[in-house]
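User: Please take a close look at the salt bridges in this model. I would like to know which side chains pair up, where the partners sit, and what surrounds them.

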Amino acid sequence: MDISMSYFFYDIITLSKRNIIKNERVIYNMMKTLVIAEKPSVARDIAKVIIKGKSLSKTGYIEGEKYIITWAIGHLVTLCEPGDYDEKYKKWHMGDLPIIPEKFMLKPTVKTKKQFNIVKGLMNSKGIEDIICATDSGREGELIFRYIYSLSNCNKPFKRLWISSMTEEAIKKGFSELKEGSLYDDLYKSAKCRSEADWLIGINGTRAYTIRNNNIFSIGRVQTPTLAIMVKRQMEIDNFTSEKYWELNSIYDDFTGTWIDTKENNSKISTKERAQEIKKKVKGTEGKVVDVKKEKKTVPPPLLYDLTELQRDGNKYFGYTAKETLSIAQNLYEKHKLITYPRTDSRYLSDDMKGVVKQTLKNLNISPYDKYIPKIINNIKFTSRIINNKKITDHHACIPTPKVPNIKRLSGKEKNIYDLVVKRLIAVFLPRYRYETTTILVESKKENFISKGNVITDLGWKVLYKNNKKKEKKEEEQLPPISKGDTLLFNDLKIKQKKTKPPKQYTERTLLSAMENAGRLIDNDELKEQLKENGLGTPATRASIIERLIKVGYIERNKKSLIPTKKGIAIIKTVPKELRSPGLTGKWEKALKNMAKGKFSPHRFMESIGNFTDFIIKEANKSKPIEGIEKTYKYNKKKGKGKYNKNKVTIGICPVCKKGNITKNSKGYGCSEYLNGCKFFIGAFIAGKKLTEGQAKQLVEKGETPVIEGFSYKNGGTFNAKLVVKDGKVTFGRN
């Protein structure tokens, strides 16, 4: 039997085989239904609801009179590696690319193979009549089950449990409304195509650019265009030239104004001399109020949470990473049963949820939410910004469940995220935030000064957020009653020197927004319109994409900012624009969404991915090799694959060879070009004094440090000195 068949046709393992389930009784006095959950914790929750009477906990499953409940542990099954198709692919050669299997093969994930065999044995057991797929209700959950079903060579009928909440009520309702498994065939096709497309582009792109550059360069269908967005921003920052300008502020009795060129609508003054000239001209004069504009404005409550918006707010208010917020939300969903399915991309509820929402609000009428809920509970109005059946995909928005929370049982981080979800549900039923803007224009000696101010007339939904640690944008100055034709004395004027600022570095919050709204970054208007609702990745995958970019050394976290590394910038400059285009990836995401609805052909999609894979290989062959990048991997010829080293802290370019990076290790700071002869090194301890990373960085960047206190003489006593780089070595300099 060839290797391709060996992965699909394992020996049929039944429950009667003692090598899997030893000395455990299985009573076959009636046919049973097998329920397959995604995680052990979910399986236990389902078991509590559907197993009546005594249950038996066994190795890898729970058994009751009618049901046997088992579980995956994430992905039990994965796509085969290139070397599984042909031994020659275990070594990386450009001539073997592209690798495009005629038919993709599956194999058990190595770490969870034992559980796969248990699940497979249960699926094919004579005592199992049918199956219920109870994995997460989404694209990846569907893929997890279908891959297990396929590799187990199972052909038994199965139904689908589709729920958005892990409460007892939701589980009971879900089991009473089980769906035919075939109804989700299109969702599976979409998930399968996504998986295979990522394999093709990732495997071939990574091999091609790694071989070409003799250094591991990871390529991905979504990660590469995401990195491109960040590199583009970094280039804008690096190429930005700051320009000085001056601002002139007028000081009246009760408020202030700013000089403005009304024709250009610009308050920047190009020279200090011009600002001084206007000041001299206007100071002490009486200006005339030539215009007063008042405008009432309102801001509606925000929409309910999808995962991306929740991750943005988790980062905004608490500094949590996207991955961290997702993990916390998943705990609130699975463990505490306090919120609905968090991995959703919808921000609306369905019409049939009105009763659930009302009950949820009643159950949330506890401190600290009881300040707000009584005001809305008796007069709940469901608007189209809350209920919209047309805008719900696999799941509705993430909201609290009707379960009364025991706040004391939550960790600090869980409290924070739960609080956000609860407040958002309350907010959508509160009135609009209302304020009045006033704009005053004053003229003197043909020079104009503008004043703007806001007056809040109704906090509305913002009352929920007035005490948040993260302060919202400051309200503008409140202005006194002023009428057109009034006169104002210019008591004084102040000149302020300012300078233009570069674009800001991406944070997790702003990068998530950029990924979600990738269509806005495209110049092509037609494609931009097509991609309005399709960004890079999905809410469930964006956090892992960011973490992946960090792991492979393409970006680094610097406090809250995410910054591309030299390596990340280099690969984006090398790959073709089609590979780094958010537009192409967004178009694929749109195709996958339509496929899940039965509106796009899987064959057509994979054909386009295959053609693109060919294109990547050709472009890699034509590209110039990337030089000057530290090798961040170890290559194992026997295994035929590279392994990333742990991320190294880089503090600058070597001051001696001018080529290598100075990176931190356990003994100090060394040059990455040491194998090529550069011996520059900074010890972690010098004369008994441990150097800080900042001091080492100053030494690398400036060639010397300020005076450092506390160096030790060999014979006792201490002294203070600078450290300097001299003749390729670190030595003491004069104070």
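Analyst: Salt bridges and their surroundings

Arg233 and Glu236 are joined by a salt bridge, with 3.7 Å between their closest N and O atoms. The model is a predicted one, and the pair is a local one: both residues belong to helix H8 (residues 223–238), where they are 3 residues apart, about one turn of the helix. Glu236 has a relative accessible area of 36%; this lies between the 20% limit for buried and the 50% limit for exposed, so Glu236 counts as partly exposed.

Elsewhere, salt bridges with shared partners connect Glu309, Arg312, Asp313, Arg347, Arg424 and Glu516 into one network. One of its members, Asp313, is part of helix H10 (residues 307–318). Its relative accessibility is 8%, under the 20% limit, and Asp313 is therefore classed as buried. When neighbours within four places in sequence are set aside, the contacts of Asp313 are Tyr305, Phe318, Leu420 and Arg424. Arg424 thus appears both in this contact list and among the members of the salt-bridge network. In total, the structure contains 37 salt bridges.

A further pair has its partners in two helices. Glu140 and Arg194 form a salt bridge in which the closest N and O atoms are 2.7 Å apart. Because Glu140 is in helix H5 (residues 139–151) and Arg194 is in helix H7, this bridge ties together parts that lie 54 residues apart in sequence. Are the two partners buried or exposed to some degree? Glu140 has a relative accessible area of 25%, which makes this residue partly exposed. Arg194, at 15%, falls under the 20% limit and so counts as buried.

Arg194 also has a partner within its own helix. A salt bridge links the side chains of Arg194 and Asp198, with an N to O distance of 3.0 Å. Both residues are in H7, separated by 4 residues, about one turn of the helix. Asp198 is partly exposed, its relative accessible area being 23%.

Helix H7 itself deserves a check of its geometry. What span should its 29 residues give at 1.5 Å a residue? The expected value is 42 Å, and the C-alpha atoms at the two ends are 41 Å apart, so the two figures agree. The expected span counts one less than the number of residues. Most of the helix is covered, with 22 of the 29 residues buried. After H7 comes Asn214, which has a positive phi near 50°.

H7 also takes part in nonpolar packing. The largest nonpolar core has 85 residues, and the members that touch the most others are Met123, Ile131, Ile148, Tyr209, Ile571 and Phe605. Helix H7, residues 185–213, supplies the largest share of this core, at 10 residues. Separate from it is a second core of 65 residues, with Ile163, Ile171, Leu310 and Ile377 among its members. As for Phe605, its contacts beyond four places in sequence are Cys193, Ala197, Trp588, Ala591, Leu592, Met595 and Phe600.

Charged groups also meet aromatic rings. Arg160 places its charged end over the ring of Tyr184, at 6.0 Å from the ring centre. Lys462 does so with the ring of Tyr433, where the distance to the centre is 4.3 Å. Among the rings themselves, the structure has 22 aromatic pairs, and such pairs join Tyr252, Phe255, Phe449 and Phe490 into a cluster.

For the setting as a whole, the protein has 22 helices and 30 strands. Half of the picture is interior: 50% of the 735 residues count as buried. Of the contacts between residues at least 6 apart in sequence, 72% connect residues at least 24 apart. One separate example of proximity across the sequence is Ser125, found in the loop between helix H4 (113–123) and strand E7 (128–134). At 2% relative accessibility, Ser125 counts as buried. Its C-alpha atom is 10.0 Å from that of Lys32, although the two residues are 93 apart in sequence.

Terms used: Residues are numbered from 1 along each chain as its sequence is written. This is a predicted model: local features need pLDDT of at least 70, side-chain atom pairs count only at pLDDT 80 or more; totals for chains, interfaces and linings use all residues. Side-chain values use heavy atoms; hydrogens and water are left out. A nonpolar core is a set of buried Ala, Val, Leu, Ile, Met, Phe, Trp, Tyr and Cys residues joined through side-chain atoms within 4.5 Å. Buried means under 20% relative accessible area, exposed over 50%, partly exposed in between (1.4 Å probe, protein chains only). Contact means heavy atoms within 4.5 Å. Rings of Phe, Tyr and Trp (its six-membered ring) pair if their centres lie within 6.5 Å; planes under 30 degrees apart count as stacked, over 60 as edge-to-face and the rest as tilted. A charge sits over a ring if NZ of Lys or CZ of Arg is within 6 Å of the ring centre and within 35 degrees of the ring normal. A salt bridge is a side-chain nitrogen of Lys or Arg within 4 Å of a carboxyl oxygen of Asp or Glu.
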